[in-house]
Amino acid sequence: MAGTCVIGLQWGDEAKGKLVDLLTAQFDIVVRYQGGANAGHTVVSGDTTYKLHQIPSGVLTPGVMNVVGPGVVLNPPVMIQEMDRLLSQGVPLEDNLMLSDRAHVVLPWHIAEDQVLDKNTADGESIGTTLRGIGPCYRDKVGRSYAVRLGDLYRDTFQQHVERIVEAKKEVLVMQNGHAVSLDARKIFEEFRIYADRLQPYVADTTAYLLDAVEAGKRLLFEGAQGALLDVDHGTYPFVTSSNSSGVGVSAGSGVPGRWIHKVIGVIKAYTTRVGGGPFPTELKDDIGNHIRERGREYGTTTGRPRRCGWFDAVAVRYTARLSGVDVLSLMMMDVLCELPEINICVAYEIDGKRTNVFPSHTDDLRRAKPVYETLPGWQQDVSQLRRLEDFPPNALAYIQRISQLVGRPVEVVSVGPDRQQTIFAHGAPVGV
Ligand code: IMP
């Protein structure tokens, strides 16, 4: 009887998918509860790489149910592509996948709106969204008039609903864009009817299912997407995604009350990355940043965009670890830093000449924040083949310990490469439940 959450504590891409995949065998159900096809979770097993966007990473473990909850914005064609790819890789999808009938559906107009609106923030800087229609879909969900939920695809009124929305969206898009965007209601309806047929066997009331499951003592693993600094309420607004990607989003997005959540694992990289716009105090726009990008293969799983790279920011992670109720840390990509002679950790910010440990609530302040660094000696030794912390070079252990101290949480998992085998559990056994 336990709910465990895996939450990214930076700006996403912390390798949460790998950890979820590793822990899944201890759970009955894995739940995705926010975000959508903007997420990209990579899981490597032997010679095979699995790329997941909307399907929970638990799908690779037989006997586990995978739930896409009401808080996810679901893109049907991308979901079907993802299913087909998994099936072609020999991953079965019978009796192990459920899609909430309450989940909102990303439709072609959302993608068109994302392309137009991404350029229009108050700061004049582009958010640099993934252009997957995520923000516009969440906006329609909250606005209610033009929203479509997965369950709506099966109602007799669906065609009329699409026609009404398309008329309105054409006008909105002309206003936003300055010229017309072609949207054909009939074509969209026909297309989505085919998607609906394909997805129907998986569509269910997942809220009722999960509430029954927790009361029956089933073990649930909640898989966060993106990272806590991208949380729409608590992140670096407006340079965020449109959902609650920190730990506070788990209950709202899944329908499972917080009383069933017993453990929160915060996932961090040994450095920091960010995709898209917005302030990033520890960003390295130099050879070290390029080195981290190449060694860490820091290119987006979903968009292929090069990720911005920088030093570990303990001010930001201490904030998101507290915000997400984190119990323990999982430190990923430790192998990437192995060639550097010295490594910086940001231990405080200096804003307008004042030193602070508080993560600012406004991006203007974060833009002016100058990182205060502590410099640690590098370990300059390949750690990717190590399987026990006792065998780690002392400087690498000192780095792990310092991160743990600064964030205020123990490090229970250390990852030294993409493969399942390249994972060290500090206490010898996986730490799920
Ligand atoms: P959106 O989620 O597509 O609206 O994009 C909003 C911001 O979140 C942009 O800066 C994206 O690059 C970022 N973002 C969205 N999903 C991910 C992710 O899975 N990893 C990293 N960044 C993401």
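**Aromatic pairs, salt bridges and helix α12 in the predicted model**

In this predicted model, F192 is buried, and Y195 is buried as well. Both residues belong to helix α6, which covers residues 185–199, and they are 3 residues apart, about one turn of the helix. An α-helix has 3.6 residues a turn, so residues three or four places apart point the same way. Among the 7 aromatic pairs found by a search of the whole structure, the one formed by F192 and Y195 is classed as edge-to-face, because the ring centres are 5.0 Å apart and the planes stand at 80°.

A second aromatic pair, between W379 and Y399, is tilted, with 5.5 Å from centre to centre and 50° between the planes. W379 is located in the loop between β18 (370–377) and α12, whereas Y399 is part of helix α12 itself, so that this pair ties together parts lying 20 residues apart in sequence. W379 has a relative accessibility of 7% and therefore counts as buried, the limit being under 20%. Y399, at 1% relative accessibility, likewise counts as buried. Elsewhere, ring pairs join Y319, Y349 and F359 into a cluster, and R259 is placed over the face of W260, at 5.2 Å from the ring centre.

Helix α12, which contributes Y399 to the tilted pair, comprises 14 residues, 394–407, and at 1.5 Å a residue it should span 20 Å; the C-alpha atoms at its ends are 20 Å apart, in agreement with that expectation. The buried residues of this helix are A396, Y399, I400, I403, S404, L406 and V407. Following α12 comes G408, for which phi is positive, near 85°.

The charged side chains were examined next. The structure contains 23 salt bridges, and one of these is formed by the side chains of R219 and D28, with an N to O distance of 3.2 Å. Because R219 lies in strand β10 (residues 219–223) and D28 in the loop between α1 (16–23) and β2 (29–32), this salt bridge ties together parts that are 191 residues apart in sequence. R219 has a relative accessible area of 29% and is partly exposed, and D28, at 22% relative accessibility, also counts as partly exposed.

Helix α6, in which F192 and Y195 are found, also takes part in a salt bridge between R198 and D84, whose closest N and O atoms are 2.9 Å apart. This pair links distant parts of the chain, since R198 is in helix α6 and D84 in helix α2 (residues 76–88), with their positions 114 residues apart in sequence. R198 is partly exposed, its relative accessible area being 30%, and D84 is partly exposed as well, with a value of 36%.

A further salt bridge is formed by D152 and R155, for which the closest N and O atoms are 3.6 Å apart. At 15% relative accessibility, D152 falls under the 20% limit and so counts as buried. In addition, D13, K269, E298 and R307 are joined into one network by salt bridges that share partners.

Terms used. Residues are numbered from 1 along each chain as its sequence is written. This is a predicted model: local features need pLDDT of at least 70, side-chain atom pairs count only at pLDDT 80 or more; totals for chains, interfaces and linings use all residues. Side-chain values use heavy atoms; hydrogens and water are left out. Helices (H or I, at least four residues) and strands (E, at least two) are DSSP runs, numbered from the N terminus. The expected span of a helix is 1.5 Å times one less than its number of residues. Buried means under 20% relative accessible area, exposed over 50%, partly exposed in between (1.4 Å probe, protein chains only). Rings of Phe, Tyr and Trp (its six-membered ring) pair if their centres lie within 6.5 Å; planes under 30 degrees apart count as stacked, over 60 as edge-to-face and the rest as tilted. A charge sits over a ring if NZ of Lys or CZ of Arg is within 6 Å of the ring centre and within 35 degrees of the ring normal. A salt bridge is a side-chain nitrogen of Lys or Arg within 4 Å of a carboxyl oxygen of Asp or Glu.
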